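Trainee: Could you take me through one part of this model in detail? I would like to look at a single sheet and what packs around it.

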Amino acid sequence: MTEIRGIPFDAPLYHGDEEHDSAFLNCQAVQAIFTIASDVERLLPKQLVPAANPPLGVVGIASYGSSIVGPYLEQYSGIEVRDLGGQTGFYIPYIYVTANDAALASGREGLGAPKKFAHIALTREGGLIQGTLERPAGKRLLTITAQPDSRLRTAARQMCSTHTNFYSIRHLPPITPSGKGAATQLVKWCTDRTFRRDESGEEVLFTGPVSLTYDSPSVIDPVHNLAVGQIMLGTYEEYDAKLRSVDLLSNA
């Protein structure tokens, strides 16, 4: 069994082993799936192409009640893509976490997920759920507001798969002017979710009206590059999840 751990090796920031998936428990998330009304190919590595025309995007905010690196909140933006093997998933150009250094470092070092610290909130007021992203505090980058007033059923349920592939770029900068030590890798990883069931045995998976706004665009954190065309689906979800790395697709 190979141990996976961060540095320093005598006091690792995070650790685990390759035979056990990373666990996330008591998760809550609100998200929007939409057509992207902007050019995304410039954001994608050459090994990935948009899976649809127009391309589809996802923006969500999740609260992880417990994980192997502790509780935290996360905001993620993704582009639906197809890899060279014909499989589909979401490429992650932007992802943010609240102040949890182990969550940030393990995501960047292990998977290449380009995590940054930010101020993220997920709140409820009456029948509404709202997620916000700010960086720095007071600089509102995006707001997602949902009114999850009905169960997600029939064909729309297929858009919320329990298994989802993801792709990200892991990059090590060079340590000499000649480029020695540099590495740029396309990493494929995945999550498997188990939706929580209520007392009647139904999944806690709701849909309803949703809005997604980029309140204050920033060239430093250009999450607005995934311009919102038509929103296809908004959801509120409660689940447990497992995350694991799948493969190293290239050394670009």
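Mentor: What follows goes from the sheet to the core beside it, then to a polar residue and the cysteines.

This is a predicted model. The sheet is open and has four strands, in the order S9-S10-S11-S16, with antiparallel pairing. Strand S9 (119-125) and strand S16 (210-213) are the edge strands, each pairing on one side only. On average, neighbouring strands of this sheet are turned by 10° against each other, direction ignored. Strands of a sheet pair through backbone hydrogen bonds, either parallel or antiparallel.

Within the sheet, look at S10 (residues 128-134) and S11 (residues 140-146), which run antiparallel and are joined by six bridges. One residue to pick out is Leu 133, whose bridge partner in S11 is Leu 142.

Both leucines also belong to the largest nonpolar core, which has 33 residues. Leu 133 and Leu 142 are listed with Ile 79, Tyr 214, Val 223 and Leu 226 as the residues that touch the most other members. S10, S11 and S16 each give two or more residues to this core, and so do strand S3 (22-36), strand S5 (56-67), strand S6 (72-82) and strand S7 (88-97). In soluble globular proteins, nonpolar side chains tend to be buried together.

Tyr 214 shows what such a position looks like. Not counting residues up to four places away in sequence, Tyr 214 touches Phe 34, Val 59, Leu 141, Leu 142, Val 223, His 224, Leu 226, Ala 227 and Val 228. Apart from this core lies another, of 32 residues, including Phe 24, Ala 62, Cys 160 and Ala 241.

Now take a polar residue, Gln 75, in strand S6. Gln 75 is buried, with a relative accessible area of 0%. Beyond its neighbours within four places in sequence, Gln 75 is in contact with Leu 133 and Leu 142, the bridge partners above. Its other contacts counted this way are Val 59, Gly 60, Ile 61, Tyr 94, Ile 95, Tyr 96 and Ile 120. The side chain of Gln 75 also makes a polar contact of 3.3 Å with that of Ser 77.

Last, the cysteines. The structure holds zero disulfides. Cys 160, a member of the other core, has as its nearest cysteine sulfur that of Cys 27, 14 Å away. A disulfide here requires sulfur atoms within 2.5 Å, so Cys 160 is in no disulfide. Cys 160 is buried, at a relative accessible area of 1%. For Cys 190, also in no disulfide, the nearest cysteine sulfur is again that of Cys 27, at 15 Å. Cys 190 counts as buried too, at 0% relative accessibility.

Conventions
Residues numbered from 1 in each chain as written. Predicted model: local features only at pLDDT ≥ 70, side-chain atom pairs only at ≥ 80, totals over all residues. Heavy atoms only, no water. Pairing = 2+ DSSP bridges. Axes fitted to C-alpha atoms, helices over the stretch in contact; angles between N-to-C directions. Core = buried A, V, L, I, M, F, W, Y, C linked by side-chain atoms within 4.5 Å. Buried < 20%, exposed > 50% of the residue type's maximum accessible area, 1.4 Å probe, protein only. Contact = heavy atoms within 4.5 Å. Polar contact = N/O pair within 3.5 Å; in protein donor to acceptor, adjacent residues only side chain to side chain.
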